[in-house]
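Biologist: Please take me through this chain, one region at a time. I shall interrupt with questions.

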Amino acid sequence: RFTFQLWHESHFSHLQEYLYSLQQDACRNRTFRRRMLCSTLAGNRCDILTITERTSSLAEMQKRDGILLTARVHPGETNASWIMHGMIDYLTSQNEEAKFLR
């Protein structure tokens, strides 16, 4: 008997540990800011991350276009957690294309 699992369950505690690890990473911490947007009905943090290259002046940064990415809007959307994890990893990396996108 074989069982195939297309995704691995992602839990809220995993997300919090991941975001904390990003904050502790000196290279990645320069590219994003984490703020609490609100609390969920269950009392969990609902964070907003701003990912940008901070080398520009504030006036230049305000002229930039922004993109809003959301994931896991509904409880069963486990795959969305992993996609967002990959997006955050990529956008906060030192990859030249990621730097351009920031």
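Modeller: One term is needed at the outset: helices (H or I, at least four residues) and strands (E, at least two) are DSSP runs, numbered from the N terminus. The model is predicted. In those terms, Gly66 belongs to the loop between α3 and α4.

Biologist: Is Gly66 buried or exposed?

Modeller: Gly66 has 69% relative accessibility and therefore counts as exposed. Its C-alpha is 9.6 Å from that of Thr50, and the two residues are 16 apart in sequence.

Biologist: Let us step back. How many helices and strands does the chain have?

Modeller: There are 5 helices and 2 strands. Read from the N terminus, the order of elements is α-α-β-β-α-α-α.

Biologist: And what share of the residues is buried?

Modeller: The chain has 102 residues, of which 19% are buried. As for contacts with a separation of 6 or more, 39% of them come from residues 24 or more positions apart.

Biologist: Now the strands. In which sense do β1 and β2 pair?

Modeller: Strand β1, residues 32-39, pairs with β2 in the antiparallel sense, over 7 bridges. Two of the positions can be named: Cys38 has Cys46 of β2 as its bridge partner, and Ser39 stands opposite Arg45 in β2.

Biologist: What is notable about the backbone of Gly43?

Modeller: Gly43 takes a positive phi near 90° in the hairpin of β1 and β2, where 5 residues lie between the strands.

Biologist: Back to those cysteines. How many disulfides does the structure hold?

Modeller: The count is 0. Cys38 is in no disulfide, and the nearest cysteine sulfur to it, that of Cys46, is 4.1 Å away. The cut-off for a disulfide is a pair of cysteine sulfur atoms within 2.5 Å.

Biologist: Why does Cys38 count as partly exposed?

Modeller: Its relative accessible area is 35%, and partly exposed covers the range between under 20%, which is buried, and over 50%, which is exposed. Cys27 is also classed as partly exposed because its relative accessibility is 38%.

Biologist: Staying with β2, which side chains make polar contacts with that of Asp47?

Modeller: Asp47 lies in β2, residues 45-51. Its side chain makes a polar contact of 2.9 Å with the side chain of Arg34, and another, of 2.5 Å, with the side chain of Arg45.

Biologist: Which residues does Asp47 touch beyond its sequence neighbours?

Modeller: With residues up to four places away in sequence left out, Asp47 touches Gln16, Leu19, Arg34, Arg35, Met36 and Leu37.

Biologist: A change of topic: where does Thr31 lie?

Modeller: Thr31 is in the loop between α2 and β1. A polar atom of the Thr31 side chain is 2.8 Å from the backbone oxygen of Arg28.

Biologist: Is Thr31 buried or exposed?

Modeller: Thr31 has a relative accessible area of 4%, so it is buried. Not counting residues up to four places away in sequence, Thr31 touches Thr50, Ile51, Thr52, Thr92 and Arg102.

Biologist: Next, helix α4. How many residues does it have, and how far does it reach?

Modeller: Helix α4 spans residues 78-91, which is 14 residues, and reaches 20 Å from its first C-alpha to its last. That is close to the 20 Å expected at 1.5 Å a residue.

Biologist: Which residues of α4 are buried?

Modeller: They are Thr78, Ser81, Met84, Ile88 and Leu91. These residues lie on the same side of α4, because they cover an arc of only 150° around the axis.

Biologist: What do they pack against?

Modeller: The buried residues of α4 pack against α1 (12-24), α2 (26-29), β2 and α5 (96-101).

Biologist: One last residue. Which residues does Ala71 touch?

Modeller: Ala71 touches Ala80 and Met84, residues up to four places away in sequence being left out. The C-alpha atoms of Ala71 and Met84 are separated by 6.4 Å, although the residues are 13 apart along the chain. Met84 is one of the buried residues of α4.

Biologist: Where is Ala71 placed, then?

Modeller: Ala71 sits in the loop between α3 (58-63) and α4. Its relative accessibility is 31%, so Ala71 counts as partly exposed.

Conventions: Residues are numbered from 1 along each chain as its sequence is written. This is a predicted model: local features need pLDDT of at least 70, side-chain atom pairs count only at pLDDT 80 or more; totals for chains, interfaces and linings use all residues. Side-chain values use heavy atoms; hydrogens and water are left out. A polar contact is a pair of N or O atoms within 3.5 Å; within protein, one must be able to donate a hydrogen and the other to accept it, and residues adjacent in sequence count only if both atoms are side-chain atoms. Contact means heavy atoms within 4.5 Å. The expected span of a helix is 1.5 Å times one less than its number of residues. Buried means under 20% relative accessible area, exposed over 50%, partly exposed in between (1.4 Å probe, protein chains only). The arc is that of the directions from the helix axis to the C-beta atoms. Two strands pair if DSSP finds at least two bridges between them.
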